[in-house]
Amino acid sequence: MSVSEFNQADYEVIARDYADLKEAARKRCANQTELDVVQKAFEFANEAHKGVRRRSGEPYILHPIAVAKIVVSNIGLGYKSIAAALLHDVVEDTDYTVDDIRHLFGDKIASLVDGLTKIKTVLDNEDKAKQKSMQAENFKRILLTLNDDVRVVLIKLADRLHNCRTIEFMPEYKREKILSETMFIFIPLAHRLGLYEVKSEMEDIWLRYKEPEVFNDITAKINRNIIDKEKEIDGFIRPISEALKAAGFDFTIRKRVKTPYSIWHKMVTKNITFDQIYDLYAVRIIFNSDASSTESERDQCYHVFSIITGIYRYKSDRIRDWVKHPKNNGYEALHCTVMSDSGIWIEVQIRTRRMDDIAEKGIAAHWAYKKDGFVGENDSEMDKWINKVKEILVDPDVNALELLDIIHNDLTTSDIFVFTPKGEQRRIQKGATALDFAYSIHTEIGNKAIAAKVNMRLVPLSYELRTGDQVEIITAENEKPKREWLQFLQTRKARNLVMDWLKGERQESIRIGKKMVEEQLASIGRKLDDNTLKAMMDGYEIFERDPEELYFRAGIGLLKLNGLEEVVRNSENKSEKGRSWNFNWFKGKDKKDGYVIDDVSDTRHKYVIASCCNPIPGDSVVGFLASDGTITVHKKSCPVANGIAAKHGDRIVVPEWKNGQTADNSFLVRLSLKGFDRMGIINEISRYISLVMSVNIRRFYLGTEGGVFEGYIDLYVHDREDLEKLIKKLNKIEGIQSVVRSDL
């Protein structure tokens, strides 16, 4: 931020942006009195931030105005939240206090501003453990506001969205920190609170900066496709529109295309190309449900579905009934994928006006309808989740870093429905086991479980449940929890109950854990000494710095030791490859924009390529500086890197591949292939790679069935340019349908 006199152009842009906000607020405010509070908040904030500019050079007040506009237009909050958004930086950035805000605007607006100010304030540091988890503590603060008023979190999400929109003006290390936090916590939080618009825009901004080439390529392909298919989609909609009018529905139909991020995510997770995404287009039907009709809202959705499927053939395995079983973030709709007359698959989304409001504006719309007397089947789900978060937040045994992982996992987990022996339906997280289900019924049933019957068939407690399973738990009076259970339990509640029981045997667990550590170290030719202990506590993030805590976690199965050799080796800085990789980099905590250290002359840092994502020269990369000086390099879009950056923003460095320095180095990548089998195709592929392209193959696997092959090749390349050239050439071989880079 900088301070300078505003000119006439500055005042004009402030007036224009505020006029847009005021117009949006007028539609949301119930009366002139509420609108006057918004006006008063703007005038106060405008005066408080007068002469102050953002990094971009624009007047600072434009940021609170933009946040307030997101709050009203994208989230649908009322005048108190709009005022709080306008005032949200006043207390931190000026001499005004929360008491000043309270005196002028009342208790509620003051408490919202206070909550937003506290989120930005770093907690007092009592020890090194807390210093290492500063960012995690700040996230804990954000979530603690759920205890007071969820509107604070919603305004914070609006604040984060606008920061993402203007992220180009940030130095790169700070950009990495903000984007990683956004992906790790804020995007899942927006999803969980039902804010589809906010979530989608954040995802696209994340992809634009993390994988710029991919983002631009997908965006260009989307635009070309829209031009090509516009008339076909209009032709697809026409008979549906006529049929719905004939049936007496009051409706609107909107066309939409998948977002660049959702396309990229599907390409990466499914190992497919852009051309293989068949549900690129969607048509959304939003109708006003007829309160006088004998049909319920749900039945009216099914009626619309029957009209559409009477016109077009539908794909039976692509029906998603979130009207009968709403998502746990409140989302309700009926989705089906149908074949158009021109031969393209189109997803049709069927919603009532109420469902659409909740789908776009999430929790704010959900509560607005609840207040107006509409009670849906899933009204309690959002409240249940918020109560669950509150339980986690007040748990004294959970430190801030663990909390961050717990919340992230909870935010990104979807649910399934299973049945008790008496037919009672129960919701449980996807991936849960029979033992998780036992603990969800009652602690004692879990503690005494020995097996389960699923759909009348005997299964082990580790059996992973699926939607529709009917589950009966078999118990024995003398049974008790076992350490091995922690290897397969998925729900936090079940794991905590087992760990609580095992804590009673802590010393025995420590003894077992120490023996396990010693045996694992011996298997890799190491001894248990101070150096290996330090390496393990650093690598496994044991911030208590207590060996007994390390042994205890290993003893109860909470800490897996399968990556032990890499942890010790990284700590000792002995990666042979690391000595020869050359990067330029600048260190985030120096806070000097563009401060570059040329690593050719600076040999203090060893570079290790992260095995989770295997970046190669030409990839967009981010690095993390360890306490011993080692820098681990990840792809910017790597989920592991996002998790580290969200928790340890002070470790971020920004490496750059140096041209001409990697000629002697080869980097491992995997290519996934699909196509039609024919005589000699495997020989042709391998000959082309090894002889024509002179590329060394490490592993080659292709499986064939029914004339179709699918598999992967692990090979070594010099850089991304080589890889793209190879992919292009392989795609020309007869029979190959797709070649995509995938995770090892």
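Start by selecting Tyr701, which is partly exposed at 47% relative accessibility. You're looking at a predicted model here, so take the side chains in that spirit. Now add Tyr712 to the selection: this one is partly exposed too, with a relative accessible area of 22%. The two rings have their centres 5.8 Å apart and their planes at 45°, so this is a tilted pair. Colour by secondary structure and you'll find Tyr701 in strand 21 (residues 696-705) and Tyr712 in strand 22 (residues 708-717), so the pair ties together parts that are eleven residues apart in sequence.

**Zoom out for a moment**

Show the whole chain as a cartoon. There are 29 helices and 23 strands in the protein, and 51% of its 744 residues count as buried. Switch on a surface if you like: the accessible area comes to about 35200 Å², with 47% of that belonging to carbon and sulfur atoms. If you draw a contact map, take the contacts between residues at least 6 apart in sequence; 67% of them join residues at least 24 apart.

**More rings**

How many aromatic pairs does the count come to? Twelve. For another of these, select Trp206 and Trp264. Their ring centres are 5.6 Å apart and the planes sit at 55°, so this pair is tilted. Trp206 belongs to helix 12 (residues 196-210) and Trp264 to helix 14 (residues 260-270), so the pair ties together parts that are 58 residues apart in sequence. Are these two buried or exposed? Trp206 is buried, with a relative accessible area of 2%, and Trp264 counts as buried at 11%.

Next, pick Phe44, Tyr96 and Phe105, which ring pairs link into a cluster. Keep Phe105 on screen and add Lys40: this lysine lies over the face of Phe105, at 5.1 Å from the ring centre. For another lysine over a ring, jump to Lys315, which lies over the face of Trp345 at 5.4 Å from the ring centre.

**A buried lysine**

Now centre on Lys636. You'll find this residue in the loop between strand 17 (631-635) and helix 27 (639-647). Why does Lys636 count as buried? Because its relative accessible area is 7%, and buried means under 20%. Show the side chain of Glu176 as well: the side chain of Lys636 makes a polar contact with it, at 3.2 Å.

Then bring up the rest of the surroundings. Leaving aside neighbours within four places in sequence, Lys636 is in contact with Glu172, Glu176, Trp206, Tyr209, Lys210, Ser620, Val621, Val622 and Asn642. Trp206 is there again, the residue from the tilted pair with Trp264.

**Along strand 17**

Step back to Val633, in strand 17. Val633 is buried, with a relative accessible area of 0%. Measure from its C-alpha to that of Tyr607 and you should get 6.9 Å, although the two residues are 26 apart in sequence.

**Last stop: the cysteines**

Select Cys638, which is buried with a relative accessible area of 5%. Then go to Cys336, also buried, at 0%. How many disulfides does the count come to? Zero, taking a disulfide as a pair of cysteine sulfur atoms within 2.5 Å.

Notes. Residues are numbered from 1 along each chain as its sequence is written. This is a predicted model: local features need pLDDT of at least 70, side-chain atom pairs count only at pLDDT 80 or more; totals for chains, interfaces and linings use all residues. Side-chain values use heavy atoms; hydrogens and water are left out. Buried means under 20% relative accessible area, exposed over 50%, partly exposed in between (1.4 Å probe, protein chains only). Helices (H or I, at least four residues) and strands (E, at least two) are DSSP runs, numbered from the N terminus. A polar contact is a pair of N or O atoms within 3.5 Å; within protein, one must be able to donate a hydrogen and the other to accept it, and residues adjacent in sequence count only if both atoms are side-chain atoms. Contact means heavy atoms within 4.5 Å. Rings of Phe, Tyr and Trp (its six-membered ring) pair if their centres lie within 6.5 Å; planes under 30 degrees apart count as stacked, over 60 as edge-to-face and the rest as tilted. A charge sits over a ring if NZ of Lys or CZ of Arg is within 6 Å of the ring centre and within 35 degrees of the ring normal. Accessible areas come from the Shrake-Rupley method with a 1.4 Å probe; for residues, only the protein chains shown count as cover.
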